[in-house]
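Student: I've got a new structure open on my screen and I'd like to talk it through. Can we go over it together, one question at a time?

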Amino acid sequence: MADKPKDKNSKPNVEDDAEDGVLSLDDRRASLDAAKKEEMLAVLIRNQDAFEDVTELLFPKTIKQFSPGLAVVWSVVRKFFDKYSELPDRSQLEADLHNELHAAPKLLDQDDREEVDKFLDYAYDEKAHGKDISKSAKHGRVAVETCKQLLEEHLVFNMRSTLLKGGTLPADLVATLE
């Protein structure tokens, strides 16, 4: 059977690789980079529709894997929303962050605090996003999709860590996966 030429814009098809059951490296998506994660979080802390879509799925511990400072931001935003049923504006978020860091001064080091300050400047800069991300349905959809990808990466990371404890695979792999 002759191979069909692959259109570089087509989605991966597992059946194309049915012989070995593995997608080629070209068919896998790249891991999310820091800029994409920051854009996602900037939208999520400002766009209430997007926030509500992911708030029960995205936890600070997931964000902490790539940024302790942004994990604190996400935690503070979630607490604010739980209390007031709306997202904080920048001044409210900054006040709550200062309060959180005052209560636990060792929560973030100076580098993490600077990262948070830069992130907040970015998150609230409409020019950086091209429009008001707090109301943009398109930005919201992309942020939710990016969040799903982040959660997939988190799951794979945790599964890999569980499976490869001590540098070896468990003897009963099936039982471990159940």
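**Helices, rings and a core**

Tutor: Let's start with two rings in one helix: phenylalanine 80 and tyrosine 84 both sit in helix H4, four residues apart, or about one turn of the helix. Keep in mind that this is a predicted model.

Student: How are the planes of the rings of phenylalanine 80 and tyrosine 84 set, and what do we call the pair?

Tutor: A pair of aromatic rings is described by the distance of the centres and the angle of the planes. Here the centres of phenylalanine 80 and tyrosine 84 are 4.6 Å apart. Their planes meet at 45 degrees, so the pair is tilted.

Student: Is phenylalanine 80 buried or exposed?

Tutor: The cut-off for buried is under 20% relative accessible area. Phenylalanine 80 has 8%, so it's buried. Its partner tyrosine 84, with 44%, is partly exposed.

Student: How many aromatic pairs are there, and which residues do ring pairs link into a cluster?

Tutor: The count comes to three aromatic pairs. One of them is phenylalanine 51 with phenylalanine 81, also tilted, at 4.7 Å centre to centre and 55 degrees between the planes. As for the cluster, ring pairs join Phe51, Trp74 and Phe81.

Student: Which helices hold phenylalanine 51 and phenylalanine 81, and how far apart in sequence are the parts they tie together?

Tutor: Both phenylalanine 51 and phenylalanine 81 are buried. Phenylalanine 51 belongs to helix H2 and phenylalanine 81 to helix H4, so the pair ties together parts that lie 30 residues apart in sequence.

Student: What's the fold made of, in terms of helices and strands?

Tutor: Reading along the sequence, you get α-α-α-α-α-α-α-α-α. Of the 178 residues, 33% count as buried. The tally is nine helices and zero strands.

Student: Which element gives the most residues to the largest nonpolar core?

Tutor: In soluble globular proteins, nonpolar side chains tend to be buried together. The largest core here has 35 residues, and Ile45, Trp74, Leu93 and Phe119 touch the most other members. Helices H1, H2, H4, H5, H6 and H8 each give two or more residues to this core. The top contributor, with eight residues, is H4.

Student: Leaving aside neighbours within four places in sequence, what is phenylalanine 119 in contact with?

Tutor: Phenylalanine 119 is among the residues that touch the most other core members. With those sequence neighbours set aside, its contacts are Glu38, Leu41, Ala42, Ile45, Leu70 and Val73.

Student: Why do the buried residues of H5 line one face of the helix?

Tutor: H5 runs over residues 90-103 and reaches 20 Å from its first C-alpha to its last. Its buried residues are Leu93, Leu97 and Leu101. Seen down the axis they fall within an arc of 65 degrees, so they line one face.

Student: What does that buried side pack against, and which exposed residues are on the face turned away from it?

Tutor: The buried residues of H5 pack against helix H4 and helix H6. The face turned away carries the exposed residues Ser91, His98, Asn99, His102 and Ala103.

Student: Where is serine 85 found, and what is its phi?

Tutor: Most residues other than glycine have a negative phi. Serine 85, in the loop between H4 and H5, isn't a glycine, yet its phi is positive, at about 60 degrees.

Note on methods: Residues are numbered from 1 along each chain as its sequence is written. This is a predicted model: local features need pLDDT of at least 70, side-chain atom pairs count only at pLDDT 80 or more; totals for chains, interfaces and linings use all residues. Side-chain values use heavy atoms; hydrogens and water are left out. The expected span of a helix is 1.5 Å times one less than its number of residues. Buried means under 20% relative accessible area, exposed over 50%, partly exposed in between (1.4 Å probe, protein chains only). The arc is that of the directions from the helix axis to the C-beta atoms. Contact means heavy atoms within 4.5 Å. A nonpolar core is a set of buried Ala, Val, Leu, Ile, Met, Phe, Trp, Tyr and Cys residues joined through side-chain atoms within 4.5 Å. Rings of Phe, Tyr and Trp (its six-membered ring) pair if their centres lie within 6.5 Å; planes under 30 degrees apart count as stacked, over 60 as edge-to-face and the rest as tilted.
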